[in-house]
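Here is a short report on a model with two chains to look through. Take the chains in turn, and keep the structure in view while reading.

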Amino acid sequence: MQGEQITQEDRFWLLVSLKLAGEATPEELAELETFLQQRPEMGLRMEMLNGFWLGEPEDQGRRNDALNRHLQRLSNHLSTPTLNYEAAMATEEAPAPLPVETHTRGIYRLLWPIVGIAAAIALIFFISHRPESIKNERVEQVAENTISTKPGSKSKIQLPDGSQVWLNADSRITYNETFRGPFREVQITGEAYFDIAKDKDHPFIIHANSIDVRVLGTSLNIRSYANEKNTEAVLIRGSIEVTLRSSPDKKIILQPNEKLVVQNGKAVVVKGMPSVQKYEDAPVMTLGKAHIQPKDTIAMDILWVKNKLAFDHETLEEVARKIERWYAVKVNIPDERLKHVEYSGVFEDESLRQVMEALRWTGNFRYSINKREVTITP
Amino acid sequence: MQERIAFYEDMKAYNQLFLLLSGGIFRFTYSLVKSNEVAEEIVSDVFIKLWQIKDRLPEIENLKVYLYTIAKNFSLNYINKHYKNTVVSLDGLDVETIDLNSPAEMCVSADLVQQIRKVIRQLPPQCRLIFQMVKEDGLRYKEVAAILDISPLTVRNQLAIAIKKIGESLPVYLQSGFTMVSRFSHS
C-alpha cells in the first residue's frame, strides 16, 4: 500500500510541475483538481509553490543597463577582429548553420612564416561621437549631426531613416539632424559603406569630395579621403547615379560591381568623353569592374567592412596611407622608387608588425617601427 | 516566433529582443561560467552574433533555442579555454544557479523563500538548471531539451523531481496523521 501511495504523490508533484510549467493538458489539470479535492491539505503547499513560482518580474532597469552596455560593444564590434569564441565555435554543434568566417589567406599570409599565430590587432577604438541611433534621447537641438572616426577605428551607425553606414578609419559623415525634406542628404569625407533603406519618395544623396551620388535603395562604398588623389564609388547592389560636381549636367549610371574612380580637384569631364572610356595617362575618370574576391565573393573594396585590410594592386604609397589609417600610425617612405611598387593581399587579425613583415618578404625592402612611426627604406 | 517579426535591419526589434531574452540567457550562462562579468560578455557576444547573422534569421526555426545554444557553446568554449579539463557536454559540469527572484505573493514568507532556495541549491546540477530554465526563463520543455540536448521526457521528469523536493519541504498546516505518515515513509 505504501509504495502505491508514494507513486500517487509522485504523480501529484508531476501534475503540479506540469501546471506550473504551463505544459499540462486539460486532462492532467482535471486530474490535479480531483486529487486536490481528495487531499485538500496539499492545496496549501501547491499555493505556496505557485506564489514562489511566479516571483517578481525582472528588474527592467538592470536589463536596460545591460542593453546599453551591449549596444556600446555592438557599435564597436567592427573594430574587434573576431569574436573570442568564434574560432572554437565551428566545432560545436548548433541547431542551424552557424556563420563561420572563411579565413582569407592572401598571398602574404602564405609567405608569413609563422602562420597560425592568432595575434589580435590592438586597435584603440574611439568614436568621438556616439551614434545618434543608440542614444534615443536627444538633448540639444543642433542642425547637423557629425559622426567621425579616428585613425585606427571604425564605426557602424544607423541613420534616422534606417540606413546603415559603416565608417572606416579617419572618416566623417555629416547629416541634417531631422533627416527630413525631399532628399536624404549626407556629406562624407573618408570611406564609408552604405546600405541604404528603400524610400522612393526621398532619394538619398551622398556628397563626396568631387562627386554627388544619388540613390534610391542600394548598397555602395564611397572612398573620398582628402589626402588621396581619387574619389571612388563602388556599387554593390541596386543602381546609382553619379554626378561630377564640376559638370552637373553629366550623369553616370553605375551597375552592380562597377567602380567609378574620379580624380579629385580637376574632375572635369572631357567633352564627348564616353563615361566608360579609359584614358591612357592621368584619367580624369574611369569606370570599371570592381575586383571580386573569389573566396568571399565580395568586392575587394568593401572587405574593410568585414574587418579585413585589403590591398588590390595598390602602390606602396597607397598601401602606406591605408596602414596609417588602419593602425593609427605614420608611415614614411623616403625613397621615391619604392612608392610605386604594387601590392595585393588581404589581412585579417594581423598586427602592424605582421603586415609589415609580410610586405617586406615580397617587397624586398626594410622597415623600422619606432613607436607610432614606420619607416620603409630600400 | 513573434520576436522575429520585422527583425530585418530593425534596431528597435533587436533591442526589444535583447530586453526579452538577455536576462534568461544571462542566468543560463552564469550557471555555467559562474562569473557575472564573463556571463555578461558572452550574452553580448551572443547578441552580436545575432546581429551579424540577421539576414539568415528566417531560416532559424526557434530563435530562443538558437540563442541559448550559442550561449551554451560560447560558455563551454570559455570553460575549455580557462580550465584545463575539457568539457564537451553539460554532463558532469557543475552548475550554479542564481538566487531566484523574491516572490511577490505574501503567502510565501521570507523564511520560506530561504528554505526553498536551500532546497534548490541541494538539487542535482542538471535538475537545478532545468528548474531555472523553465521557471525563470519560461522555456518550454521541448526548448530546454533542444538546448541541453536531452529528451523532453527527461526535462519533464527532472522538473517533477525539483517540484517534489521543494513541495515536500513546505509546511503543511493542516497536519493530519495521514500526511505525517506519508512524510515519514520517505525517510
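## Chain B: contacts and helices

In chain B, 65% of the contacts with a separation of 6 or more are between residues 24 or more positions apart. This is a predicted model. Chain B has 187 residues, and 38% of them count as buried. Its secondary structure comes to eight helices and zero strands. Read from the N terminus, the elements run α-α-α-α-α-α-α-α.

Two helix pairs deserve a look. Two packed helices are described by the angle between their axes and the distance between the axes. The table sets out both pairs.

| Helix pair | Residues | Angle | Axes |
|---|---|---|---|
| α2(B) and α3(B) | 36-52 and 63-82 | about 130 degrees | 9 Å apart |
| α5(B) and α7(B) | 125-135 and 152-169 | roughly 95 degrees | within 9 Å |

Start with α2(B) and α3(B). They pack at an angle of about 130 degrees. The two helices are therefore oblique to each other. Their crossing is right-handed. Which residues of α2(B) and α3(B) meet? From α2(B) come Val38(B), Ile42(B), Val43(B), Asp45(B), Val46(B), Lys49(B) and Leu50(B). They meet Leu67(B), Ile70(B), Ala71(B), Phe74(B), Ser75(B) and Tyr78(B) in α3(B). By class, this contact of α2(B) with α3(B) has ten nonpolar residues, one polar and two charged.

Now take α5(B) and α7(B). Their axes cross at roughly 95 degrees. So α5(B) is roughly perpendicular to α7(B). On the α5(B) side, the contact involves Gln126(B), Cys127(B), Ile130(B), Phe131(B) and Val134(B). These meet Val155(B), Gln158(B), Leu159(B), Ile161(B) and Ala162(B) in α7(B). The residues of this contact of α5(B) with α7(B) divide into eight nonpolar, two polar and no charged.

Helix α6(B) spans residues 141-148. Which of its residues are buried? They are Tyr141(B), Val144(B), Ala146(B), Ile147(B) and Leu148(B). Asp149(B) comes just after α6(B) and takes a positive phi of about 60 degrees.

## Chain A: strands and a hairpin

Chain A has nine helices and 20 strands. Of its 378 residues, 34% count as buried. Among the contacts in chain A with a separation of 6 or more, 50% are between residues 24 or more positions apart.

Strand β1(A) covers residues 144-148, and its side chains alternate. Which of them point to the buried face? Asn145(A) and Ile147(A) point to one face and are buried. Glu144(A), Thr146(A) and Ser148(A) point to the other face and are not buried.

The partner of β1(A) is β4(A), residues 172-176. Five bridges join the two strands, which run antiparallel. One of the paired positions is at Ser148(A), whose bridge partner in β4(A) is Arg172(A). Ser148(A) is thus placed twice: in the bridge to Arg172(A), and on the face of β1(A) that is not buried.

A second antiparallel pair is made by β2(A), residues 155-158, and β3(A), residues 164-167. How many bridges join β2(A) to β3(A)? There are four bridges. Gln158(A) stands opposite Gln164(A) in β3(A). The two strands form a hairpin, with five residues between them. In the turn, Gly162(A) has a positive phi of about 100 degrees.

Note on methods
Residues numbered from 1 in each chain as written. Chains lettered and ligands numbered in written order. Predicted model: local features only at pLDDT ≥ 70, side-chain atom pairs only at ≥ 80, totals over all residues. Buried ≥ 20, exposed ≤ 12 C-beta atoms within 10 Å, placed from the backbone. Contact = placed C-beta atoms within 7 Å. Pairing = 2+ DSSP bridges. Axes fitted to C-alpha atoms, helices over the stretch in contact; angles between N-to-C directions. Parallel < 35°, antiparallel > 145°, perpendicular 65-115°, else oblique. Left-handed = near helix turned anticlockwise from the far one by under 90°. Nonpolar A, V, L, I, M, F, W, Y, C, P; charged D, E, K, R; others polar.
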